[in-house]
Amino acid sequence: MDGGISRIFVGVHGTVGSLHALRYALAEARERDAVLYSILAWTPPGGDTLDRRAPEPHLRRLWMAAAKKTLRSAWDDALGGVPEDYPVHLQAERGHPGWVLSSLADRDDDLIVVGAGRGGRLHRATHHSVARYCVARAHCRVLVVPPPPLARLDHGMFRHRRGMHDLLNNG
């Protein structure tokens with residue numbers, strides 16, 4: 001990858017792969033002296049359709065607060081917290097992750113960093129890949145970070161620990 005990157009957007013959601021991408025994105029931002037945006041995309045539990053049919057502002061505030069808490073927890077898990085020696089912008093945005101990242105990173109000198117996600121044919125067939133979405137639709141460079149070696153051995157030991165559902169139900 002050549003120079004010319006001024007903003008880096010990293011998709012975060014708390015899985016081992018996304019935490020690895022988060023660490024990688026911070027290192028890239030430091031090396032390039034780029035602005036780092038840590039993005040957690042969220043949708044309401046039950047999906048957007050129900051919320052659009054009967055919007056409830058109080059619930060939206062709760063969902064946004066839960067998303068921000070998940071984002072901060074991801075930084076805690078990845079690096080012990082948001083670094084104090086480097087500026088990082090934390091953003092929780094409503095929408096599907098690939099669309100949110102591709103919409104925010106709208107300049108030629110942007111870079112999107114995402115984890116490669118889980119492998120396996122069944123998982124790929126049943127789950128939307130944020131990495132594939134960004135590679136196909138983003139108007140900037142996309143860096144897909146492979147999972148760390150330990151995560152490749154994962155057979156259910158490491159799962160998303162702090163999902164929005166957990167935060168809403170367990171505080």
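Mentor: Accessible areas here come from the Shrake-Rupley method with a 1.4 Å probe. Keep in mind that this is a predicted model.

Trainee: Okay, so what does the accessible surface of the protein chain come to?

Mentor: About 9900 Å², and carbon and sulfur atoms hold 54% of that.

Trainee: And how many of the residues count as buried?

Mentor: The protein chain has 171 residues, and 41% of them count as buried.

Trainee: What's the secondary structure like?

Mentor: You'll find eight helices and five strands. Starting at the N terminus, the order is β-α-β-α-α-β-α-β-α-α-β-α-α.

Trainee: How much of the contact comes from residues 24 or more positions apart?

Mentor: Take the contacts with a separation of 6 or more: residues 24 or more positions apart account for 79% of them.

Trainee: Can we look at one helix pair? How do α1 and α3 pack?

Mentor: Sure. Helix α1 covers residues 16–32 and helix α3 covers residues 57–79. Their axes are 9 Å apart, at an angle of about 80 degrees.

Trainee: Is that roughly parallel or roughly perpendicular?

Mentor: Angles from 65 to 115 degrees count as roughly perpendicular, so that's what α1 and α3 are to each other.

Trainee: Which residues meet there?

Mentor: From α1 you have Leu19, Leu22, Arg23 and Leu26, and they meet Ala74, Trp75, Asp77, Ala78 and Leu79 of α3. By type, the residues of this contact are seven nonpolar and two charged, with no polar ones.

Trainee: I clicked on Ala66. Where does it lie?

Mentor: Ala66 is part of helix α3.

Trainee: Buried or exposed?

Mentor: Ala66 is buried, because its relative accessibility is 6% and the cut-off for buried is under 20%.

Trainee: How far is Ala66 from Ala92?

Mentor: In sequence, they're 26 residues apart; in space, the distance is 9.4 Å from C-alpha to C-alpha.

Trainee: New topic: how many disulfides does the structure hold?

Mentor: Zero. Cys134 is in no disulfide, and its nearest cysteine sulfur belongs to Cys140, 8.0 Å away. Cys140 isn't in one either, with the sulfur of Cys134 as its nearest at 8.0 Å.

Trainee: Why doesn't 8.0 Å count?

Mentor: A disulfide needs two cysteine sulfur atoms within 2.5 Å, so a pair 8.0 Å apart doesn't qualify.

Trainee: And are those two cysteines buried or exposed?

Mentor: Cys134 is buried, with a relative accessible area of 0%. Cys140 counts as buried too, at 12% relative accessibility.

How values were computed: Residues numbered from 1 in each chain as written. Predicted model: local features only at pLDDT ≥ 70, side-chain atom pairs only at ≥ 80, totals over all residues. Heavy atoms only, no water. Buried < 20%, exposed > 50% of the residue type's maximum accessible area, 1.4 Å probe, protein only. Axes fitted to C-alpha atoms, helices over the stretch in contact; angles between N-to-C directions. Helix = DSSP H or I, 4+ residues; strand = E, 2+ residues; numbered from the N terminus. Parallel < 35°, antiparallel > 145°, perpendicular 65-115°, else oblique. Contact = heavy atoms within 4.5 Å. Nonpolar A, V, L, I, M, F, W, Y, C, P; charged D, E, K, R; others polar.
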